Amino acid sequence: MEEGNEKAASHRIVASDDIEVSTYLEIAKEKQGVQASPKPGDIPHGVREAVAIIDFGSQYSHLIARRVRECNVYCELFPYDSPLSKIMSIKPRGFILSGGPASVYEKNAPLTPVGIYESHLPVLGICYGMQSITHQLGGTVAPGSKHEYGQAVLHVSDENSPLFKDLDSSLTVWMSHGDEIMDMPAGFRSSAYTENSPNAVITDGGKLFGLQFHPEVAHTPQGKQIIRNFLFNICGCRGTWTPGNFIHESIASIKEQVGDGRVICALSGGVDSAVAAKLVHAAIGDHLTCIFVNNGLLRREEPERALETFRKNLRMNVVYVDATDLFLDQLKGVIDPEKKRISIGGEFIKVFESEAKKLGKIDFLTQGTLYPDVIESATPESKAAAKIKTHHNVGGLPSKMALTLIEPLRYLFKDEVREVGLELGLPEDMVWRQPFPGPGLAIRIIGEVTRERLEILRGADWVVMDEIKKAKLYRQMWQTFAILTDVHSVGVMGDYRTYGYLVAVRAVTSQDAMTADWARLPYNLLATVSNRIVNEVPGVNRVVYDITSKPPSTIEWE
């Protein structure tokens with residue numbers, strides 16, 4: 001810790017060798033004046049199991065959440081500087097501290113809220129999280145003589161550790177760090193090591209654990225079991241967070257929030273808004289009216305097919321609004337992708353508020369916002385992460401709205417939404433529909449959105465989807481679509497020179513859209529797609545295939 005680092009000093013708990021961990025936790029509690037949180041045994045029966053993930057800005061933080069959810073345990077990501085009261089509001093049974101790009105000994109380095117240590121609840125620190133534990137509890141972290149990036153072999157020296165139950169004594173793990181633990185805090189010991197890290201895993205012998213490696217990534221093959229062991233063997237979780245339980249909790253929560261109020265739901269045609277509508281309808285019945293807005297940015301025949309699907313499967317009040325002219329007028333001359341998203345998000349709210357007035361007194365607006373939308377938009381609850389792009393239904397919303405938002409899926413990933421949709425009885429073709437962005441084709445047209453360019457893109461997109469379905473690859477893909485670029489190229493058709501648009505084709509595989517890999521489509525399929533687009537879509541004379549993964553790119557081009 002550097003001299004003069006007041007912020008770090010105010011969060012650091014320094015222990016001398018003759019003070020036990022539990023003792024200096026009590027000393028810290030007196031200094032900070034923070035109430036200790038209930039111990040696991042004090043948590044009332046029936047309260048949802050939850051784990052709080054403290055986010056220090058790691059690119060892998062969302063993967064930690066994924067792994068915890070896969071163990072049927074609820075979790076939420078909290079920026080490291082969140083108020084302790086907000087973190088404790090989910091009644092966590094334990095905490096996971098993420099990795100991060102900083103070094104704990106730097107001035108103003110982010111540190112773990114002291115109240116987490118005082119809570120007497122289990123803590124698992126990963127990489128930077130481990131270094132935060134060490135630094136704050138009196139140990140020493142310093143730049144390592146050797147950096148450790150990539151796979152390493154972890155040797156477990158404490159075979160009785162609950163963290164490594166049912167695991168091999170030697171494990172392949174993924175390292176990504178330049179700092180190392182030089183001195184452990186008093187009362188801590190090493191329970192596993194690698195060739196370069198003698199303190200690759202540390203523990204106080206009770207509920208505090210630190211891992212120098214990343215168990216959340218696929219490159220640590222048994223990492224999910226390590227996280228599961230922390231959740232079940234140390235935090236005492238039982239894996240009770242299931243789609244059925246989520247539905248029950250959501251319906252009860254919506255009933256309490258809405259009371260006798262009335263709600264409108266923004267239906268987009270996708271699974272997210274359909275599941276959100278189903279949940280709200282189950283809670284309040286006819287007090288819900290769904291509104292499907294044709295913003296003029298949808299794919300070919302989509303408005304007609306979506307309405308038919310809604311009325312057949314949702315059996316709710318559905319109002320259709322054709323607002324094509326309104327949206328396209330707003331997009332005239334707009335080139336910047338962020339401005340497109342914000343413009344579309346704001347226009348949606350105007351339309352919904354206008355329709356709400358026609359229905360009488362409406363109090364709430366339901367949206368199918370998902371957790372990746374929240375994370376990538378860098379809202380206050382995810383500010384430790386960099387903003388990638390503004391999702392129209394999150395950062396694109398106006399600051400003042402007449403309607404209160406209801407977002408029952410706000411903390412779910414896409415695959416979890418699909419599980420809930422199946423549990424609710426939605427048909428598989430609706431549940432497994434590929435994601436389609438809220439701003440629609442506007443962010444698949446590079447540059448200005450015009451009616452002419454929309455028709456060109458609709459034609460190209462139709463070909464892509466048709467051939468993917470013919471090849472029976474639709475369910476295997478996360479998304480497949482066409483992009484109309486602003487590039488023109490020279491071509492030749494019928495012995496004549498052409499100067500037409502370049503269309504890009506994008507197909508990716510993913511689990512939750514936070515990361516994605518480009519799909520290795522068969523060459524003959526790509527050839528068919530290309531041939532059909534240049535022959536069937538006027539104005540296009542060249543087709544390319546995007547072979548970039550996420551990261552470094554995003555799935556959508558804008």
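I started with the aromatic rings, where ring pairs join Phe56, Tyr80 and Tyr128 into a cluster. I note at once that this is a predicted model. I then searched the whole structure for aromatic pairs and got 11.

**Charges over rings**

Next I looked for charged ends sitting over rings. Arginine 66 has its charged end over the ring of phenylalanine 413, at 4.9 Å from the ring centre. I also found arginine 444, whose charged end lies over the ring of phenylalanine 481. There the distance to the ring centre is 3.8 Å.

**Helix 6**

Tyr128 from the ring cluster led me to helix 6, which covers residues 128–136. How many residues of helix 6 are buried? I counted 9 of the 9, so helix 6 is largely enclosed by the rest of the structure. The buried residues include Tyr128, Met130, Ile133 and His135. Gly129, Gln131, Ser132, Thr134 and Gln136 are buried as well.

I checked the backbone on either side. In the loop between strand 4 and helix 6 I found cysteine 127. Its phi is positive, about 55°, although cysteine 127 is not a glycine. Cysteine 127 counts as buried, at 5% relative accessibility. Just after helix 6, I noted that glycine 138 takes a positive phi of about 105°.

**Histidine 120**

I went back along the chain to histidine 120. It is in the loop between helix 5 (114–118) and strand 4 (123–126). Is histidine 120 buried, partly exposed or exposed? I read a relative accessible area of 26%, so histidine 120 is partly exposed. I also looked up its separation from arginine 93, which is 27 residues away along the chain. The C-alpha atoms of the two are 9.9 Å apart.

**Cysteines**

I then asked how many disulfides the structure has. The count came to 0. A disulfide needs two cysteine sulfur atoms within 2.5 Å.

Why does cysteine 75 form no bond with cysteine 71? The sulfur of cysteine 71 is the closest cysteine sulfur to that of cysteine 75, but at 9.7 Å it is too far for a bond. Cysteine 75 is buried, and its relative accessible area is 0%.

I did the same for cysteine 237. Its closest cysteine sulfur belongs to cysteine 235, at 5.2 Å, and this is too far for a bond. Cysteine 237 is also buried, with a relative accessible area of 4%.

**Cavities**

My search of the whole structure for cavities of 30 Å³ or more found 2. I looked into the second largest cavity. Its volume is about 40 Å³.

Which residues line the second largest cavity? I listed His177, Glu180, Ile181, Ser197, Pro198, Asn199 and Gln212. By type, the lining divides into 2 nonpolar, 4 polar and 1 charged.

**Lysine 472**

I moved on to another positive phi. Lysine 472 has a phi near 60°, a positive value in a residue other than glycine. I placed lysine 472 in the loop between helix 16 (451–470) and strand 15 (479–493). Lysine 472 is exposed, with a relative accessible area of 70%.

**The segment after strand 18**

My last stop was the segment after strand 18 (540–545), where proline 551 lies. Lysine 550 is in the segment after strand 18, and I placed proline 552 there too.

What kind of peptide bond joins lysine 550 and proline 551? I found a cis bond, with omega about -15°. A cis peptide bond also joins proline 551 and proline 552, and here omega is about 15°.

I checked the burial of lysine 550 as well. At a relative accessible area of 10%, lysine 550 is buried. The cut-off for buried is under 20%.

Finally, I looked across the chain from lysine 550 to alanine 516. The two are 34 residues apart along the chain. Their C-alpha atoms are separated by 4.9 Å.

Terms used
Residues numbered from 1 in each chain as written. Predicted model: local features only at pLDDT ≥ 70, side-chain atom pairs only at ≥ 80, totals over all residues. Heavy atoms only, no water. Buried < 20%, exposed > 50% of the residue type's maximum accessible area, 1.4 Å probe, protein only. Phe/Tyr/Trp six-rings, centres within 6.5 Å; stacked < 30°, edge-to-face > 60°. Lys NZ or Arg CZ within 6 Å of the ring centre and 35° of its normal. Helix = DSSP H or I, 4+ residues; strand = E, 2+ residues; numbered from the N terminus. 1 Å grid on protein atoms, 1.4 Å probe; cavity = no way out; pocket = protein on both sides within 12 Å on 5 of 7 lines; lining within 4 Å. Points joined across faces, edges and corners; volume = space filled by probe spheres on them. Nonpolar A, V, L, I, M, F, W, Y, C, P; charged D, E, K, R; others polar.
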